[in-house]
Amino acid sequence: FLYEEVFTDHCYLKHGITLNEDSCVIDIGANAGFFTVFLNALSRNIKVYSIEPIPEVYKFLSANRELYNIKGKSFEIAILDKEQEVDFTYYPQVSVVSRINSDSEEVKGLVRSYIENSEEEKHLSDDVESLLNVKLETKNIRVKAKTISQIIAEEKIEKIDLLKVDVENSEHLVLDGISENDWNKIDSIIIEVHDTNNRLKNISELLTQKG
């Protein structure tokens, strides 16, 4: 799923987004590093700051960065609206849906919709609910969080060609953690928005306001 999304569909480089050979990218919600590795395949001079809070997944992110000698840095933290510690719901078998404030029924519906639309659906058991109950086992973990502006300050980042945000239901908190002085450092943002409580409308208005 991740390979198709990143390497085949180029889902994070749509809507006119372009990068240069020496661009700077912040990858929030990096998971095991698929998009980070994809960027390195575009150009070995692209600098990528990869951010992933779940320790088990972060190990794979670190290994991929080392394997491909990717420029930049990785961080084992969550990005939110303030520095804090938060409870995270980790789905070991479906790590891409891990999140804070998890609603198990919402997550089950998300994964069910993918299964029902998948080309591999015909190979799956008819009892999708039983499959979901097995696949969606959870672990509750405590993770540290910072704001994106703290990372920008610590790493002395002057320009961000692309900010990619894929954080499962807390994307509004990521944006709330960008200080006013840092908005003009960001050229492009691509963000997955979970449209609850008018979030899509509010985030669209915010991004339009920030130019």
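The following legends describe close-up views of a predicted model.

In this predicted model, local features need pLDDT of at least 70 and side-chain atom pairs count only at pLDDT 80 or more, while totals for chains, interfaces and linings use all residues. Residues are numbered from 1 along each chain as its sequence is written, and side-chain values use heavy atoms, with hydrogens and water left out.

**View A. The open sheet of 5 strands, with parallel pairing.** The strand order is 3-2-1-8-9 (strands are DSSP runs of E, at least two residues, numbered from the N terminus; two strands pair if DSSP finds at least two bridges between them). Strand 3 (71-75) and strand 9 (189-191) stand at the edges with a single partner strand each, so one side of each has no neighbour in the sheet. On average, neighbouring strands are turned by 10° against each other, direction ignored (axes are lines fitted to C-alpha atoms, for helices over the stretch in contact, and angles run from 0 to 180 degrees between N-to-C directions).

**View B. Pairing of strand 8 with strand 9.** Strand 8 (residues 162-165) pairs with strand 9 in the parallel sense over 3 bridges. Opposite Val165 stands Ile191 of strand 9.

**View C. Helix 3 across strand 2 and strand 3.** Helix 3 (residues 55-68) lies across strand 2 (47-51) and strand 3, and runs at about 170° to strand 3 (helices are DSSP runs of H or I, at least four residues; contact means heavy atoms within 4.5 Å).
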